Every structure is written in C-alpha cells, then in structure tokens.
Amino acid sequence: MENKLPTIEITERYCKGCHICVEFCPKQVLEMKGFVVSVKNLEACIKCMQCELRCPDFAIKVIP
Amino acid sequence: MAFDYEKYIRPGKLPHIWCPGCGHGIVMKGMIRAMDTLGLEKNNTAIVSGIGCASRLPGYIDCCTLHTAHGRAAAFATGVKMAKPEMTVILVGGDGDGTAIGGNHFIHACRRNIDMTYIIMNNYIYGMTGGQFSPTTPHMHKASTTPYGNPDPSFDIAKLAIGAGATFVARGTAFHANQIDKLIVEAIQHKGFSVVEILDDCPTTYGRRNKFKSVIEMMNRLKEVAVPVKAAEKMSPEQLQGKVLTGVLYKEDKPEYCSEYQKVIERAGGGAR
Ligand SMILES: Cc1ncc(C[n+]2csc(CCOP(=O)(O)OP(=O)(O)O)c2C)c(N)n1
Ligand code: SF4
Ligand code: SF4
Ligand code: SF4
Ligand SMILES: [Mg+2]
C-alpha cells in the first residue's frame, strides 16, 4: 500500500455541522470549527471513506 | 478520483433542504452509488415519490422523475412501468407516505410483483408535517399527536412486504451507509417488486421527543440494533431481543406483472411488444 496522504475536500457551503463525520472517524482526523467541519490531523487518516459515505450533505470528499 | 455524486444531481440543487444529520441524504447518496454501479441511463430511469421529506428526493436527481400525491408513488410508478417496461423504475418515500396513506398501494404493488424497486426511508414518524406518529412509530414512543406515548403496535415493513407478496425484501440503516448501495443494486437487479427498507433518523421531530440528545445518539442506536441476517443465525432468541435484522431478508422468483400482462394482451389478440 502506498503511503501518500489523501486530500480531504470540504465544501463548507454544504456542511450543516451535524458532527456525523467527526464522531465516527476511527482516527479522530476531523473536528468541528465553529459551525463546519475541518481537518485536524490529516496524517492519521486511513482512507476508510466512512466520513464521506456517512455525510448526509455531500460536504466531505476523501481523495485517496 | 473521488466518487462524483454531482454527476447525478441536478445543477444548483445542493445544498438540499433536509435538516442537519437527517439520514435521507445518506440514503440518496447510496441510491446514486447504486445507479452508478449499474450504469443506469438517466433517460431510461424513473424515480417516483409521494409526499414527505423523504419524497423530496427525486427533485435532486438528474433523471426522469415524478413527485406525485401523498401515498400514491406506487400507483404513478405502476403507470410508468406498464407504459415503458424497459425503464428502470425506482420508488422512494417515507414510512408515513408508504405505510399509512399509501399502505393500500404498497401492498398491492407487492402482490402484483411488478418489476420496480421501492426504497422506503423509515424514520418512524411524519417528519415533514411536524412529527405526527406513523404506523412505524414504536409502541409508547412519543410524537406530536401522542405526547404521552403511542398506544399502537407498529408495522414491521419488511414482514408486511413479504406477507403481501414482494419477491425481494432487504433492510439496511442510515448508519451502515456502505451497505445501502449494495442492497439497492441487488434490488434493482431482481426481476419483480423489490422493497429496500432503510432505518433512518429524524432528529428534528422524532429524536428530540424521544430522549435522543443528538444525531450521534440516533446513529449509535441504529448501529446497536442492527444485526446482519447471517450473524443472527448463530444468536439465541434472547440475544436477538430488541434487535433488527439487516441484509437481504427474502428473495423468491415468481412471475412478474408486466410479462404476465403481455401474455393477456397476446391472448386477447394484441401484438407482441
Ligand atoms: C393527502 C395528503 N394528506 C396529508 C398530507 C400532509 N403530509 C405531508 S408529508 C406527510 C407525512 C410524511 O411522512 P413520511 O412519509 O414518513 O416522510 P418523512 O417526512 O418522515 O420523510 C403528511 C401527512 C398531504 N401532503 N397530502
Ligand atoms: S477517511 Fe476515514 S480515517 Fe480518513 S478522515 Fe474519513 S473517516 Fe477519518
Ligand atoms: S457529516 Fe457532512 S454535514 Fe455533517 S459535519 Fe461532516 S461534513 Fe458537515
Ligand atoms: S424533519 Fe426530519 S425527516 Fe424532515 S428533513 Fe428534518 S430531520 Fe429529515
Ligand atoms: Mg417518516
């Protein structure tokens, strides 16, 4: 497996601040910054895609 | 490359209207992934709904869509499928739309075994109109119209569908997002009436009345109650108390309605299609 860091793309205009991606990320990569999500620790990301799959609002994309 | 959801979304339609944390968006994404997996053509795919928050879904999808009257998705969709049997027809809607006002249409679509897929988003409540109880609101849970608890027992949608004659019945949850598209793919591939129930959350009208402090608590509940059918085979009745089975619950091959109808046309002297 290659070790390249993923890109996590957040569309702030779509994010409704529901916390789903933050809470269910197995590696605490994400955090809430005010109303919207932001990336706190990209290095820890294991590209499991769970945040992207569960975001109800098409606001977070993981490009592995 | 990340998956491009927006290829199936009508331009300018996002953000959608659903509340923060509403699972309907998770289901819509699962449906889009399923459409992509099957390579469904936009011009040959119809998405039909009734009325409700869940029923707003077709408005976002860039293919042939019909947003009809409350509870009537199955009736309109049956018309579409009979006129154009080559089309892939997908019905979407909520528990209220499908099992209360639309309950009759639902059971007869199951009985006919017409080749369509029905995705039913069960959030246990009438979300859109402010949280009245629905036929799936659990016993003694609260709704705006049952402030002291709902005395009614609730429907098990999957059992209802099987009993009424649906030939493919599956259940997933909004938490298990990864599984949603796979269930929908199988449902669409099945020739006959397929029902995919997705247990969903409505934090706004159901969650806050029923002691869920957050969307996360609601998601955790879906996580805890779901047991895959395979795993359930090895569990005792005690272990299965309060759990809900997920995965493909029922599958059967039976004559499909459009094909049967075609036979009637031919018997009556009409032409083959
Ligand atoms: C004939 C008719 N009766 C009642 C209504 C009001 N109404 C709109 S949506 C709805 C319930 C929707 O609940 P559900 O199908 O569970 O969808 P949800 O909003 O929970 O996603 C009702 C009763 C209506 N639009 N038309
Ligand atoms: S891909 Fe997985 S590990 Fe990475 S941020 Fe998303 S949920 Fe966390
Ligand atoms: S799941 Fe989506 S909408 Fe919710 S906080 Fe994360 S990015 Fe925002
Ligand atoms: S009211 Fe409930 S079902 Fe409707 S959008 Fe809000 S959370 Fe979803
Ligand atoms: Mg509902």
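Q: What makes a residue part of the shell around ligand 4?
A: The cut-off is a heavy atom within 4 Å of the molecule. In this predicted model, ligand 4 is surrounded by B:Trp18, B:Cys19, B:Cys22, B:His24, B:Cys53, B:Asn123, B:Gly127, B:Cys202, B:Pro203 and B:Thr204.

Q: How do you know which classes make up the shell around ligand 4?
A: Cys, Trp and Pro count as nonpolar, while Gly is among the polar ones. Sorted like that, the shell around ligand 4 has 6 nonpolar, 4 polar and no charged residues.

Q: Why is B:Asn123 called buried?
A: Buried means under 20% relative accessible area. B:Asn123 has 5%, so it's buried.

Q: Where does B:Asn123 sit in chain B, and what is it in contact with?
A: You'll find B:Asn123 in the loop between strand E4 (117–122) and helix H5 (157–164) of chain B. Skipping its neighbours within four places in sequence, B:Asn123 is in contact with B:His24, B:Asp95, B:Asp200, B:Asp201, B:Cys202 and B:Tyr206.

Q: Are A:Cys21 and A:Cys45 buried or exposed?
A: Set their values against the under-20% cut-off for buried. A:Cys21 comes out at 11%, so it's buried. A:Cys45 has a relative accessible area of 17%, so it's buried as well.

Q: How many disulfides does the structure hold, and what would make a pair of cysteines count?
A: A disulfide is a covalent bond between the sulfur atoms of two cysteines. To count here, the two sulfur atoms have to be within 2.5 Å. Over all chains, the structure holds 0 disulfides.

Q: What makes up the lining of the largest pocket?
A: This pocket has a volume of about 520 Å³. Its lining has 22 residues, and the closest to the centre are B:Phe155, B:Asp156, B:Arg171, B:Lys243 and B:Val244. H5, strand E6 (194–199) and strand E8 (244–251) of chain B each chip in at least two lining residues, and H5(B) gives the largest share, 4 residues. By class, the lining splits into 12 nonpolar, 4 polar and 6 charged.

Q: What about the second largest pocket: which residues lie nearest its centre?
A: They're B:Ile51, B:Gly52, B:Cys53, B:Tyr126 and B:Gly127, out of 17 lining residues. The space in this pocket is about 190 Å³. Helix H3 (residues 95–101) of chain B supplies the largest share of the lining, 3 residues. Sorted by class, you get 7 nonpolar, 8 polar and 2 charged residues.

Note on methods
Residues numbered from 1 in each chain as written. Chains lettered and ligands numbered in written order. Predicted model: local features only at pLDDT ≥ 70, side-chain atom pairs only at ≥ 80, totals over all residues. Heavy atoms only, no water. Buried < 20%, exposed > 50% of the residue type's maximum accessible area, 1.4 Å probe, protein only. Contact = heavy atoms within 4.5 Å. 1 Å grid on protein atoms, 1.4 Å probe; cavity = no way out; pocket = protein on both sides within 12 Å on 5 of 7 lines; lining within 4 Å. Points joined across faces, edges and corners; volume = space filled by probe spheres on them.
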